[in-house]
Amino acid sequence: MNHIRNNAAIFSFLFAAGGMAYAQKPNIVLILADDMGYGDISAFNDRTSLVTPNLDRLCGQGIRFTDAHSNSSVSTPSRYGILTGRYAFRSDLKSGVLGGFSQPLIAEDRSTVATMLSSCGYSTAMIGKWHLGWNWTYLDKASGKVDWTGPVSGGPTDRGFDYFYGIAASLDMSPYVYVENDRPTAVPDRVSGDISKGILMQRSGPQSPDFEHKDCLRNFTDRAAAYIREHADDAAPFFLYLPLTAPHTPILPSEEFRGKSGISPYCDFVLMVDSMVGKIADAVKDSGISENTIIIFTTDNGCSPVAEIAKMKKSGHSPNHIYRGAKSDIYDGGHRIPLIVSWGGRYRDRVENGLVSLTDFYATFAEIAGYELKDDEAEDSYSFKSVLDGTGAPARQDVIHHSIDGRFAIRKGDWKLVFWPGSGGWGGPNEKSKNWDTLPKYQLFNMKNDPSEKENLYGTHRKIEKELTERFRKYILDGRSTPGALQKNDGGSDWKQIEFLFE
């Protein structure tokens, strides 16, 4: 009997100390699609003939967030916000995106979701598109000659991930080289051709013999499913970040999906993404870990106009649904994105209409893991764990939007104030528009009455405009939008549009 009591005591100690308690913390699988719109999931869009059965199934088993936003309308800053819980305009990147040879955007001393969860006993892995810069090893940096056998630094494994397999940037950005942990898997043996326009767009650059654009999406999915199966029985929980390369250009649905939508190659590619999400969900279910695994699906920004949105609309599908604009723009079509959270059998087709941002993953995961945030991390992250628990609404009351050109907007409640006359991106109106000089200085929209942002009310609600401007000014100057000690923004004075802070 004594040995039984002793074993029980040891078990209790391990559980209390955290060793066995890790099993009580949920696994987290975060799937991020690339350039996929709010209206591309049929459960979010009742006006389309495009049917996404696997994503709809995830909605039926989860919570569908209808007012979720990426913290930017383009890729790099959105990913920065996801991993750091901080608006990307606070970093050195004030507009645009990085390339495949860019240096690291996440500072070495900045905590990420991965470092935070690692400190809570999680195994962390990333499989897919990084697009946050890293340092290649150079034979001659002046000429840009890379040592493809050397390590990379400042990438995922230096920012909290135990394991990484993926690519440097978007699928249309060179180099076309897989990197595992911190080393390329093969030395490039050719130069990929340049396709400058259209849905097959890709930039010329080095390409490895083990890399084919058309295989990338399936490759990442298969490796992610294998990771789930391999770690299903681990004592420690895992965090798997799976940023897919689709349906971003080049738009390359496999033969199985070509023509399947009956709408466009882009919609075919969306159906392929849907199928890949199904494979991930099946891997979780087949491994017997559904009840203790959170599966999240979302996207980094809205659908790109390069995907031929106008043609799709003529066929009855609007990838950004009723929302104005597209990827790059300050309008909601640029940054309102689908967000689905499923957690075993906890939910049944729930809908959450409260405001959330992808920067909120950090604080949410921290609360789930029992981690207390420090003042200098996750400065723009609000936990929505109360929504997951069914005990309340999201804590977020407002959100800042940012366009590819570095233009700003702030949204609170029904009101959205855009600090720019136009889209701030590739869409119209912009500086090339004939009526540009006649447009009002700013734009104000009531998102409840006018979700498509058709009627500019700027100048008619001075009190609201003043309140939103002062709130925005405070968030910029404080270096944060959450309660806490004041923080510094990075990057000096190279803001695209900041003069109004001091008007």
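**Entry 1: the second cavity**

I began with the residues that line the second largest cavity, which divide into five nonpolar, two polar and one charged. This is a predicted model, and I read every value here as one computed from it. The names I noted for this lining are Leu 171, His 213, Lys 214, Cys 216, Leu 217, Thr 245, Leu 252 and Phe 269. The space inside the second largest cavity comes to about 30 Å³.

**Entry 2: the largest cavity**

I then asked how many cavities of 30 Å³ or more the structure holds. I found two of them, and the largest has a volume of about 40 Å³. Its lining is made up of Ser 72, Val 74, Pro 77, Leu 93, Lys 94, Ser 95, Gly 96, His 402, Ser 403 and Ile 404. I sorted the lining of the largest cavity into four nonpolar residues, five polar ones and one charged one.

**Entry 3: the chain as a whole**

Next I stepped back to the whole chain, and I wrote down eleven helices and 18 strands for its secondary structure. The radius of gyration is 23 Å, close to the 23 Å that the globule rule gives for 503 residues, and therefore the chain is as compact as a globular protein of that length. Taken along the principal axes, the C-alpha atoms fill a box of roughly 85 × 55 × 50 Å. I also looked up burial, and 60% of the 503 residues count as buried. Of the contacts between residues at least 6 apart in sequence, 71% join residues at least 24 apart.

**Entry 4: salt bridges**

Side chains of opposite charge can pair when their charged atoms come close. I looked for such pairs here, and the count came to 28 salt bridges.

I started with Arg 411 and Asp 67, whose side chains meet in a salt bridge at 2.7 Å, N to O. This pair links distant parts of the chain, with Arg 411 in strand β16 (residues 408-412) and Asp 67 in strand β2 (residues 62-69), 344 residues apart. Are the two partners buried or exposed? Arg 411 has a relative accessible area of 7%, so I call Arg 411 buried, and Asp 67 is likewise buried, with 6%. I noted further that both residues belong to a network of salt bridges, in which Asp 67, Asp 332, Arg 336, Arg 411, Lys 416 and Glu 453 are linked.

I turned next to Arg 190 and Glu 212, whose side chains meet in a salt bridge at 3.0 Å, N to O. Arg 190 lies in strand β9 (residues 190-192) and Glu 212 in the loop between β10 (205-207) and α5 (216-231), so that the pair links distant parts of the chain, 22 residues apart. Arg 190 is partly exposed, with a relative accessible area of 33%, and Glu 212 also counts as partly exposed, at 32% relative accessibility.

The third pair I looked up is Asp 360 and Arg 396, where the side chains meet in a salt bridge at 2.7 Å, N to O. Asp 360 sits in the loop between β14 (350-357) and α9 (361-369), and Arg 396 sits in the loop between α10 (385-389) and β15 (398-402), so the pair ties together parts that are 36 residues apart in sequence. I recorded both Asp 360 and Arg 396 as buried.

**Entry 5: Ser 357**

Arg 396 came up again when I looked at Ser 357, whose place is in strand β14. Leaving aside neighbours within four places in sequence, Ser 357 is in contact with His 69, Asn 71, Arg 396 and Val 399. How many residues apart in sequence are Ser 357 and Ser 70? I found them 287 residues apart in sequence, yet 5.8 Å apart in space, C-alpha to C-alpha. Ser 357 counts as buried because its relative accessibility is 1%, where buried means under 20%.

**Entry 6: Glu 465**

I closed with Glu 465, which is found in helix α11 (residues 462-478). Which residues does Glu 465 contact, leaving aside its neighbours within four places in sequence? I listed Leu 417, Leu 444, Leu 457, Tyr 458, Gly 459 and Thr 460. With a relative accessible area of 5%, Glu 465 is buried.

Definitions and conventions: Residues are numbered from 1 along each chain as its sequence is written. This is a predicted model: local features need pLDDT of at least 70, side-chain atom pairs count only at pLDDT 80 or more; totals for chains, interfaces and linings use all residues. Side-chain values use heavy atoms; hydrogens and water are left out. On a 1 Å grid over the protein atoms alone, a cavity is a set of points where a 1.4 Å probe fits but cannot get out, and a pocket is an open set with protein on both sides within 12 Å along at least five of seven lines; lining residues have an atom within 4 Å of a point. Grid points are joined across faces, edges and corners, and a volume is the space filled by probe spheres set on the points. Ala, Val, Leu, Ile, Met, Phe, Trp, Tyr, Cys and Pro count as nonpolar, Asp, Glu, Lys and Arg as charged, and the others, Gly among them, as polar. Helices (H or I, at least four residues) and strands (E, at least two) are DSSP runs, numbered from the N terminus. Buried means under 20% relative accessible area, exposed over 50%, partly exposed in between (1.4 Å probe, protein chains only). Contact means heavy atoms within 4.5 Å. A salt bridge is a side-chain nitrogen of Lys or Arg within 4 Å of a carboxyl oxygen of Asp or Glu. The radius of gyration is taken over C-alpha atoms; the globule rule is 2.2 Å times the number of residues to the power 0.38.
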